[in-house]
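Work through the exercises below with the model open beside you. Try each task before reading its solution.

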Amino acid sequence: MESIYYVLSWACHRRCKHCYEERFRPYVRDELKAVVSAAEANFPKIIANLPDRLTYLDLEQPDDSAAGGYVERTSRIIVSGGEVLLDPVRETILYPALEQIRDKYRSQGGVKLVVQTTGDLLTERIIEELLERGIYMISVAGMDDFHVGMEGEKRVPLQEKLTGWFEAAGMRPFLHDPKVRAWDDDGPNFSFFGATEDAWIGKIWPRGRAWANGLSRATINDNFCNVWSGGLNFLNRRYSGSEVSIDPNGDVFPCCLKTKAPLGNLTEERLEDIIDSLVGRPAFEAISMGHPERMGIAHGWDVETFLKKSETITVDGRPYRNLCIGCDRFHTEILAGVLEDARRDRMARRSLDAAE
């Protein structure tokens with residue numbers, strides 16, 4: 001894969017009204033212990049089932065040497081939450097996970113580790129501890145009006161303070177063109193972003209609390225599938241443009257928005273086996289091509305049907321149309337069963353291989 005977006009834990013210190021996932025929220029006492037314990041038990045299994053080597057062939061950079069082919073680049077893993085810098089998460093899950101990932105790929109071409117955080121829990125000491133574990137970038141993701149205290153100019157003092165800390169630690173601002181994903185430098189870098197008007201997530205996904213609060217402004221023309229961190233190219237795991245998202249329980253999805261049913265689970269199977277088992281299946285090929293409206297054709301849903309299924313009414317009574325709605329309904333009504341069949345096939349194949 002070019003990139004893996006790995007959510008380490010549901011625990012967060014905020015309950016943002018625009019969040020795409022209801023489970024990202026504050027937990028207390030026994031509930032917090034349960035959430036942290038579950039993530040702590042799962043992350044070693046999940047990391048063990050990631051590919052043995054994490055590099056990809058850049059289709060935009062043909063190799064002009066005699067060998068031909070394409071330039072091989074180092075992949076990245078973005079670890080996020082929730083909020084991974086919360087005390088119980090940081091020490092119990094984040095730091096051990098970063099160390100396990102670093103050690104897994106140390107002699108296999110390496111990996112670019114990105115830590116995503118809202119930023120308000122960062123300290124100079126935490127920055128130092130992250131750098132000690134070989135991170136490539138700290139990405140501060142809470143820079144928008146939806147995060148309380150970060151509205152408009154209110155976020156400038158925090159950005160300035162963090163920039164001073166980052167630069168003092170020898171980090172550089174991440175200045176790559178967002179349309180160019182070939183990150184050639186060795187870091188360490190820092191970046192700031194949020195759900196702002198100029199960002200691809202600015203329309204707000206029809207998910208979680210964002211949907212419950214009627215915040216999505218996406219239309220039928222906003223194809224979240226056909227962009228980076230959507231489902232686009234997720235099946236092309238050897239090549240540029242491929243990314244999947246992983247939940248704390250090990251569930252794998254073709255996009256950060258998350259489909260209604262996971263592709264498989266990394267506590268019981270290898271990521272490569274899950275992805276490869278879906279190659280050639282029409283519904284998943286349609287997602288990977290960025291055309292979710294075609295995912296149901298082999299199952300009796302023509303494009304007209306899918307577009308009709310993409311219509312709904314928001315909580316505040318507005319007519320709403322977006323392809324994610326059609327995708328949700330197709331997964332619920334049809335594709336969940338297809339995924340379970342694929343899982344059973346993989347498990348049967350594993351049993352046969354083990355018996356031979």
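The exercises that follow use a predicted model and go from the whole chain to single residues.

**Exercise 1. Overall form**

Task: Decide whether the radius of gyration of the protein chain agrees or disagrees with that of a compact globule.

Solution:
- Start with the length. The protein chain has 356 residues, and a compact globule with that many would have a radius of gyration near 21 Å.
- Compare. The protein chain has 20 Å, so the value agrees with a compact globule.
- Add the box. Along the principal axes, the C-alpha atoms fill roughly 60 × 55 × 50 Å.
- Check burial. Of the 356 residues, 50% count as buried.
- Check the contacts. Among those with a separation of 6 or more, 65% join residues 24 or more positions apart.
- Finish with the secondary structure. The chain has nine helices and 13 strands.

**Exercise 2. Helix α6 and its surroundings**

Task: Find how many residues of α6 are buried, and name elements that cover them.

Solution:
- Count. Six of the eight residues in α6 are buried, which leaves the helix mostly covered.
- Name them. They are Leu271, Glu272, Ile274, Ile275, Ser277 and Leu278.
- Look at the cover. It includes the strands β1 (3-7), β9, β10 and β11 (264-265), together with the helices α7 (282-288) and α9.
- Look just past the helix. Gly280 has a positive phi of about 90 degrees there.

**Exercise 3. How α6 packs on α9**

Task: Classify the packing of α6 and α9 as parallel, antiparallel, perpendicular or oblique.

Solution:
- Recall what is needed. Two packed helices are described by the angle and the distance between their axes.
- Take both values. The axes of α6 (residues 271-278) and α9 (residues 323-355) come within 10 Å and cross at roughly 120 degrees.
- Apply the cut-offs. Roughly perpendicular covers 65 to 115 degrees, and roughly antiparallel starts over 145.
- Conclude. α6 and α9 are therefore oblique to each other.
- Add the hand. Their crossing is right-handed.
- List the residues that meet. Asp273, Ile274, Ser277 and Leu278 come from α6, and Leu339, Ala342 and Arg346 from α9.
- Sort them by class. The contact has four nonpolar, one polar and two charged residues.

**Exercise 4. Unusual backbone geometry**

Task: Say which peptide bonds at Gly82 and Pro188 are cis, and state whether Ser229 and Asn233 are buried or partly exposed.

Solution:
- Set the background. Most peptide bonds are trans, and most residues other than glycine have a negative phi.
- Take the Gly-Gly bond. Gly81 and Gly82 are joined by a cis peptide bond with omega about 25 degrees. Gly82 sits in the loop between β4 (76-80) and α2 (87-105).
- Take the Gly-Pro bond. From Gly187 to Pro188 the bond is cis, with omega near 0 degrees. Pro188 belongs to the loop between β7 (172-173) and β8 (189-192).
- Turn to phi. Ser229 has a positive phi near 75 degrees, and Asn233 has one near 70 degrees.
- Locate both. Ser229 lies in the loop between α5 (208-212) and β9 (243-246), and Asn233 is also placed between α5 and β9.
- Apply the cut-off. Buried means under 20% relative accessible area. Ser229 has 9%, so Ser229 is buried. Asn233 has 23%, so Asn233 is partly exposed.

**Exercise 5. A charged residue in a loop**

Task: Determine whether Asp247 is buried or exposed, and list what Asp247 contacts.

Solution:
- Locate. Asp247 is in the loop between β9 and β10 (251-253).
- Judge. Its relative accessibility is 3%, so Asp247 counts as buried.
- List. Beyond neighbours within four places in sequence, Asp247 contacts Tyr6, Val7, Trp10, Arg23, Ile46, Phe253 and Lys258.

Methods
Residues numbered from 1 in each chain as written. Predicted model: local features only at pLDDT ≥ 70, side-chain atom pairs only at ≥ 80, totals over all residues. Heavy atoms only, no water. Helix = DSSP H or I, 4+ residues; strand = E, 2+ residues; numbered from the N terminus. Buried < 20%, exposed > 50% of the residue type's maximum accessible area, 1.4 Å probe, protein only. Axes fitted to C-alpha atoms, helices over the stretch in contact; angles between N-to-C directions. Parallel < 35°, antiparallel > 145°, perpendicular 65-115°, else oblique. Left-handed = near helix turned anticlockwise from the far one by under 90°. Contact = heavy atoms within 4.5 Å. Nonpolar A, V, L, I, M, F, W, Y, C, P; charged D, E, K, R; others polar. Rg over C-alpha atoms; globule rule 2.2 N^0.38 Å.
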